[in-house]
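Trainee: Could you take me closely through the enclosed empty space in this model? I'd like to know what surrounds it and how the neighbouring parts fit in.

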Amino acid sequence: MEFSYIQAVDAQGDAAPEAIAFFNSRGESISYGELKRKSDALARWIAAEPAFEPGVPLVVYGHKSPLMLVCFLACVKSGHAYVPVDVLYPRERIANIIGQLGQTAVLDTIGTIPEVMGDLLVRPHFDIASFSDAHYAQHAGAPAPACVRPEDTFYILFTSGSTGTPKGVQIIAECMDNFSNWLLNSEFALDEKRVWFNRSPFTFDLSVTDLAWGLPHGDTLFALEDEAEKSLALTFEALSKSGITDWVSTPSVLDQMLADEKFNADLIPTLKRTVHVGEVLRPETVSLAKQRFPGLQVFNGYGPTESTDFVSLCEITSEMLADDRSLPIGYTKPGTELVVLDPETLEPVPDGEHGELFVIGNTVAQGYWGRDDLTQAAFHSCPESIARGRRSYRTGDEIARDPSGMFYYHGRYDLQIKLHGYRIELGDIEATLCSLPEVNMACVLPIKRDGLISHLVAVIVLADADAPRGFAQTKLLKQQIRPILPPYMVPRTFKYVDAIPLNQNGKADRKALAALIDG
């Protein structure tokens, strides 16, 4: 029998109904039995509610609460993909996502979306937070008989888009099943029950790791609510009480914690493993983490949103730390093929040489929601002689593979970057800036410190050449883009120039601009 993620999670509800599936720093929690009972009941309600068009994706609005998990499972059990939208998103971005989805409806897990969105909320919405135990009891029973099929979309994550609008990555149920099944049987798998640090918001692909790994295994997920993340002191207080054994985050998050000497085994004596993806993991970070947490296992991996998070993984050993090369990103997971091709000829490159990575296999997404043009370019550019009918994704990442099959990451071929773990396409920010009446042209540059991107600089050509270029102008521009872009996409610094230099192809000469800024 093929592995089913939903069935595996439900099986935990039958086997250990009292075990805690999820809790957060606010004190909210849910058991496996309650997660199964409520998601089944909510799925039956969704199936009977006329406002939900059959099969259309449903937006789940909220933050890190147990009810988010209930809604995710209920959507899938009733035949709908779920689309997580975080309360921290600007209202215009929420409206854009809802608008792209068309006939969607919104499941509001905290009851605030009407006030947040106002007249921008044009789709039906339901205050799931107000549902009482009596409501769930009214719809009790087996889930609706319309669970998503392997070929149906399981979830959609909206990421930064180069055209100024976010794009929705469609992950089908087969991808989630295969990803979860691999994690449960990988070198990282253990029989013991674990407590996972659910660090990332559900809108970020890294959170899928905790859901795919922890819930089918009967583990517990712990999340920091927004209040606990407002200061490092509150974060440390919550972590000290969490009992987490497994930490999943970008390297930047770990670096941020390690900057404080109090982040050590005395604070979290239960911590045994950390897993990282989304950015370059530095040897210095690993060495310091192992020093602070004696016996700690550190794993590094790789995987875009378009391939259901991880497609490679390995434990970082002392030999790897002593190697002059960058830390490896691991070996290919079963069911997936990673091929390194020349970005121009699309011919395979020999081991040891750099090329562009293509992901092929059963964890590759279906494409981008409503964007056939982007889907064609990203998911259908691998030569058929190599793909052989399998789904594929062109990553834009510069990769090398050694003769043993180990992969190493060497940066991006395009303007897509990672800043503090968030994937950002600089064109998204540039398009937003250029939409402002005060801006004629804009170019956004990533600034590196110690080999990592530390912040963004916006280089601006103002529409009015005589307009002031000081603090007041920068404050005005930031005020206008903050309701549109998430905080991590707002450039820290603004520089003003008379003209942006162009290269021979008529494109912005980013190297010349970088030299200008450094000068």
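**The largest cavity and its surroundings**

Mentor: The largest cavity has a volume of about 90 Å³. The model is predicted, so treat everything here as computed from that prediction. Two cavities reach 30 Å³ or more.

Start with the walls of the largest cavity. Its lining is made of Tyr5, Leu69, Phe72, Leu73, Val76, Tyr82, Phe154, Met176, Leu211 and Leu215. Two elements each give two or more residues to that lining: helix 3 (66-77) and helix 8 (207-217). Helix 3 has the largest share, with four residues. What is the chemical character of this lining, by class? There are 10 nonpolar residues, no polar ones and no charged ones.

Now the second largest cavity. It holds about 30 Å³ of space. Phe72, Tyr82, Pro84, Leu157, Phe202, Ser207, Val208 and Leu211 form its lining. Here the elements with two or more lining residues are strand 4 (82-86) and helix 8. Helix 8 gives the most, with three residues. By class, this lining has seven nonpolar residues, one polar residue and no charged residues. Compare the two lists of residues. Phe72, Tyr82 and Leu211 appear in the lining of both cavities.

Helix 8 deserves a further look. How should one describe its packing against a neighbour? Two packed helices are described by the angle between their axes and the distance between the axes. The axes of helix 1 (residues 5-15) and helix 8 come within 7 Å, crossing at roughly 45 degrees. Because of that angle, helix 1 counts as oblique to helix 8. On the helix 1 side, the contact uses Tyr5, Ala8, Val9 and Gln12. On the helix 8 side, it uses Leu211, Ala212, Leu215, Pro216 and His217. The class count for this contact is seven nonpolar, two polar and no charged residues. Tie this back to the largest cavity. Tyr5, Leu211 and Leu215 take part in the helix contact and also line that cavity.

Next, an open space. The second largest pocket has about 420 Å³ of space. It is lined by 21 residues, and Phe3, Ser4, Gln7, Pro150 and Asp177 are the closest to its centre. Helix 1, helix 3 and helix 7 (173-184) each supply two or more lining residues. Helix 7 gives the most, with five. Charge does appear in this lining: it divides into 11 nonpolar, four polar and six charged residues. The lining of the largest cavity, by contrast, has no charged residues.

Finish with the sheet. It is open, has nine strands and shows mixed pairing, in the order 2-1-10-9-11-12-13-14-15. Strand 2 (29-31) and strand 15 (331-332) are the edge strands, each with a single partner, so one side of each has no neighbour in the sheet. Strand 13 (residues 297-302) and strand 14 (residues 312-315) run antiparallel and are joined by four bridges. Within that pair, Phe299 has Glu315 of strand 14 as its bridge partner.

To recap the part you asked about: the lining of the largest cavity is made of 10 nonpolar residues, and helix 3 gives four of its residues.

Key:
Residues are numbered from 1 along each chain as its sequence is written. This is a predicted model: local features need pLDDT of at least 70, side-chain atom pairs count only at pLDDT 80 or more; totals for chains, interfaces and linings use all residues. Side-chain values use heavy atoms; hydrogens and water are left out. Two strands pair if DSSP finds at least two bridges between them. On a 1 Å grid over the protein atoms alone, a cavity is a set of points where a 1.4 Å probe fits but cannot get out, and a pocket is an open set with protein on both sides within 12 Å along at least five of seven lines; lining residues have an atom within 4 Å of a point. Grid points are joined across faces, edges and corners, and a volume is the space filled by probe spheres set on the points. Ala, Val, Leu, Ile, Met, Phe, Trp, Tyr, Cys and Pro count as nonpolar, Asp, Glu, Lys and Arg as charged, and the others, Gly among them, as polar. Axes are lines fitted to C-alpha atoms, for helices over the stretch in contact, and angles run from 0 to 180 degrees between N-to-C directions. Angles under 35 degrees count as roughly parallel, over 145 as roughly antiparallel, 65 to 115 as roughly perpendicular and the rest as oblique. Contact means heavy atoms within 4.5 Å.
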